[in-house]
Amino acid sequence: MGKVYTLKEVAEHNDPKDCWLIIDGKVYDVTKFLDDHPGGDDVLLSATGKDATDDFEDVGHSTTAKTMMDEFYVGDIDSETIPSKVEYKPPNQAHYNQDKTPEFIIRILQFLVPLVILGVAVGIRFYTKSL
């Protein structure tokens, strides 16, 4: 078992010359792997300073990739230093009216247009019957 690090300590290792990641509660020094990573070094660098477990799992790494991680292991993360996950709640937004027409006009038209069409149809029916 390796040393236990805080999130702050791991977050300080966030550049191409010194890059650490947190995955499944373990800390990995992936600096030597940056050039060899199939997704490029930007992917790894963007995952520093946070728990990258979800990012790692979302990609669907092979068992070979997971086995390779052992050589980069440097310790464990103090789980109390990682902020709890907050469920995203989108902000309340006003109803979007693309054409900026007041809603009461739209509601009136939704009622009147079918009535006009019905009236025209009935008028045509009576007109054609009288001929």
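In this predicted model, Asp 24 is exposed, with a relative accessible area of 53%. That value counts as exposed because the cut-off is over 50%. Asp 24 is found in the loop between S3 and S4. Its phi is near 50 degrees, a positive value in a residue other than glycine. Most residues other than glycine have a negative phi. The turn that holds Asp 24 belongs to a hairpin, in which S3 and S4 are separated by 2 residues.

The two strands of this hairpin run antiparallel and are joined by 4 bridges. Strand S4 covers residues 26–29, and strand S3 covers residues 18–23. Two of the partnerships can be named. Ile 23 has Lys 26 in S4 as its bridge partner. Ile 22 has Val 27 in S4 as its bridge partner.

Strand S3 also takes part in a second hairpin. Here S2 is joined to S3 through 2 residues. The pairing of S2 with S3 is antiparallel and rests on 2 bridges. Asp 15 is bridged to Asp 18 in S3. Asn 14 is bridged to Cys 19 in S3.

How is S3 placed with respect to the rest of the structure, enclosed or open? Of its 6 residues, 5 are buried, so S3 is largely enclosed by the rest of the structure. Buried here means a relative accessible area under 20%.

These hairpins sit within a wider sheet. The sheet is open, has 5 strands and follows the order S1-S5-S4-S3-S2. Its pairing is mixed. Strands of a sheet pair through backbone hydrogen bonds, either parallel or antiparallel. At the edges lie strand S1 (3–5) and strand S2 (14–15), and each of them pairs on one side only. S4 pairs with strand S5 (residues 73–77) in the antiparallel sense, over 3 bridges. Within this pairing, Tyr 28 has Tyr 73 in S5 as its bridge partner.

The largest nonpolar core contains 14 residues. Leu 21, Ile 23, Tyr 28, Val 30 and Leu 44 touch the most other members. Two elements give two or more residues to this core, namely strand S3 and helix H2 (41–46). The largest share, 3 residues, comes from S3. Leu 44 illustrates how the core is connected. Beyond its neighbours within four places in sequence, Leu 44 is in contact with Cys 19, Leu 21, Val 30, Phe 33, Leu 34 and His 37. Another core lies apart from this one and has 7 residues. Among them are Tyr 5, Val 10, Trp 20 and Ile 77.

Helix H2 also carries Asp 42. Which is Asp 42, buried or exposed? Asp 42 is exposed, with a relative accessible area of 57%. Asp 42 and Asp 15 are 27 residues apart along the chain. Their C-alpha atoms are separated by 9.9 Å.

Pockets were examined next. Rolling a probe the size of a water molecule over the atoms shows where empty space is left. The largest pocket holds about 440 Å³ of space. Its lining is made up of 21 residues. Nearest its centre lie Phe 33, His 37, Leu 44, Phe 56 and His 61. Leu 44 thus appears both in the lining of this pocket and in the largest nonpolar core. At least two lining residues come from each of S3, H2, helix H3 (53–59) and helix H4 (63–68). By class, the lining has 16 nonpolar, 4 polar and 1 charged residues.

The second largest pocket has a volume of about 200 Å³. Which residues line the second largest pocket? They are Leu 7, Gly 49, Lys 50, Asp 51, Asp 54, Asp 55, Ile 82, Pro 83 and Lys 85. By class, this lining divides into 3 nonpolar, 1 polar and 5 charged residues.

Methods:
Residues are numbered from 1 along each chain as its sequence is written. This is a predicted model: local features need pLDDT of at least 70, side-chain atom pairs count only at pLDDT 80 or more; totals for chains, interfaces and linings use all residues. Side-chain values use heavy atoms; hydrogens and water are left out. A nonpolar core is a set of buried Ala, Val, Leu, Ile, Met, Phe, Trp, Tyr and Cys residues joined through side-chain atoms within 4.5 Å. Buried means under 20% relative accessible area, exposed over 50%, partly exposed in between (1.4 Å probe, protein chains only). Contact means heavy atoms within 4.5 Å. Two strands pair if DSSP finds at least two bridges between them. On a 1 Å grid over the protein atoms alone, a cavity is a set of points where a 1.4 Å probe fits but cannot get out, and a pocket is an open set with protein on both sides within 12 Å along at least five of seven lines; lining residues have an atom within 4 Å of a point. Grid points are joined across faces, edges and corners, and a volume is the space filled by probe spheres set on the points. Ala, Val, Leu, Ile, Met, Phe, Trp, Tyr, Cys and Pro count as nonpolar, Asp, Glu, Lys and Arg as charged, and the others, Gly among them, as polar.
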